[in-house]
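Biologist: I have a structure open and some questions about it. Can we go through them?
Modeller: Yes, go ahead.

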Amino acid sequence: MADAQAMTTTNTLPHATLLESINVFAQVLGPTWAKGVIIRRPAMVGIAESLGLDKHAVRYMQKLRNKYGNDPLLLRLPKGINYALVFMPEHVHRVLQETHQPFATDSREKHAALAHFQPDGVLISQDPERSKRRHFNEAVLDTALPVHRLADHFMRVVNEEASQLLDSLGYKQQLDWTRFASCWFRIVRRVVFGSAARDDEHLTHLVNKLRGHANWAFMYPRNKALQQELHTRINHYIQLAAQSGSAPEPSLAALIANMPQDAATAPADQVAHWLFAFDPAGMTVFRALALLASHPQQAAQAQAELQANTGSARQYLPYLRACILENLRLWPTTPVILRQSMSDTVWENGIMPAKTGLIIYTPLLHRDDEYLPYANIFAPEVWLNQQNTAIAKQWPLLPFSEGPAICPARNLVLLLTSNMLAELLQSSSLELLSSRLNPKLPLPGTLSPYRLRFKASS
Ligand code: HEM
């Protein structure tokens, strides 16, 4: 603040023109919102794919970045409403590393959305509760470990469910999103709660219904009864896991029973977030299947890794994990990372007022073909050679964000997704029937998982 006062009032950050500000909403934030921020709207994702909306958005952001150069760009909005686009790698790192002071994760719009089903979720909490909730998440999800302590059990779950999925494809042997997603959510319920919840599709339906409300944020009334029903169901499974005696079935819920917690921890809210966040993980597996089905060279490398690693060695499959990360680079499932400044902040060329919403648009960083030679191709090696690639050292690739709010489940997600990929790749050969992905052509800005279809043959 002292620094901010020392700057003269002429040191203001650049403002976009009114037309540019309208265009940011029309071409960048509007399509992102229309596709669904908390739960995707399949029809809108299909429209975005057909019209190439995400590529247009990246182009528009490049144009603004090139025009305004180094500073965060304030949008021209009604008085009292401040938003800024953050372009430069060093500014992106700064905002994410300086989470939570002065840049809070608990932004207005995120709060309005997530409060529909997890009002006490860590992402929309502030200290002192936030620290407790973050600690709880890290402790159950084993954030600090490359491989979760229950990895072997979770891999068995993935193996059983993936085999059942492939056995159930019928005479046409077609795998589409609906079949895949039912299987994926059975895995999710078993991982989170154990086999008692395996077939509880109503639980997933409840989460998805509330996520649908959350897409509308302030514009949809909160349904407290439905939220209560979800939390009661979650608590029921947590208690079931706690009561299951001296040798409980391994699950995240069984770990919760042994965690230090108090009223502020709000486990049901944290678990509601987990159930929601496993959905994009499933989409990522399905898109990775499509990329591998259309890129023979990378598919051969994946198969070589599977042949060289069986059993517990599959806890850590570097190449398949890189394929998942690469998918998240190409089609990030959190395309907008939001922060809210809690005080005035000083930048090289000016002051940003307190209560500004900072917008980090990850598709610009991930698909910037003016800086990244691999912007629009499938290049898993980017994630394997990261230490050697000068550009990757300071260029923000942010599938799981970074800094104090980095996704605490990233290693668990990579374990489950890489193993799901492994099971499907090794048991059958999958031919992509729907999309025309071609290693010789730039990859599309959007890849709708809902439209992907495969033919399996053993
Ligand atoms: C493909 C799958 C996933 C991706 C790409 C992803 C990505 C992210 C990102 C980008 C953030 C940070 C948002 C920000 O900086 O504002 C985040 C936060 C979070 N994620 Fe994930 N996530 C995934 C799956 C999961 C799963 C499965 C869980 C739980 C089991 C989870 C738990 C969380 C939690 C609790 C936070 C909030 C952290 C905090 O505020 O400190 N995520 N995730």
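Biologist: What is 3.4 Å from an oxygen atom of the ligand?
Modeller: A polar side-chain atom of Lys110 lies at that distance. It falls under polar contacts, meaning pairs of N or O atoms within 3.5 Å; within protein, one must be able to donate a hydrogen and the other to accept it, and residues adjacent in sequence count only if both atoms are side-chain atoms.

Biologist: How far is the side chain of Arg130 from the ligand's oxygen? And that of Arg134?
Modeller: For Arg130, an N or O atom of the side chain is 2.4 Å from an oxygen atom of the ligand. For Arg134 the distance is 2.7 Å.

Biologist: Where do these values come from?
Modeller: This is a predicted model, in which local features need pLDDT of at least 70 and side-chain atom pairs count only at pLDDT 80 or more, while totals for chains, interfaces and linings use all residues. Residues are numbered from 1 along each chain as its sequence is written, and side-chain values use heavy atoms, with hydrogens and water left out.

Biologist: Which residues come nearest to the ligand?
Modeller: Arg130, Arg134, Arg339, Ser401 and Cys407, out of 26 around the ligand. Near means that a heavy atom of the residue lies within 4 Å.

Biologist: What classes are in that shell?
Modeller: There are 17 nonpolar, five polar and four charged residues. Ala, Val, Leu, Ile, Met, Phe, Trp, Tyr, Cys and Pro count as nonpolar, Asp, Glu, Lys and Arg as charged, and the others, Gly among them, as polar.

Biologist: Which element gives the most to the shell?
Modeller: Helix H13, with six residues. Helix H7 (129-141), H13 (267-294) and strand S5 (336-341) each supply at least two. Helices (H or I, at least four residues) and strands (E, at least two) are DSSP runs, numbered from the N terminus.

Biologist: New topic. At what angle do H9 and H10 cross?
Modeller: Roughly 95°, and the axes of H9 and H10 (residues 201-214) come within 10 Å. Axes are lines fitted to C-alpha atoms, for helices over the stretch in contact, and angles run from 0 to 180 degrees between N-to-C directions. So H9 is roughly perpendicular to H10, a label for angles of 65 to 115 degrees; under 35 is roughly parallel, over 145 roughly antiparallel and the rest oblique.

Biologist: Which residues make the contact?
Modeller: Phe185, Arg186, Arg189 and Phe193 of H9, with Glu201, Leu203 and Thr204 of H10. Contact means heavy atoms within 4.5 Å. By class, three are nonpolar, one is polar and three are charged.
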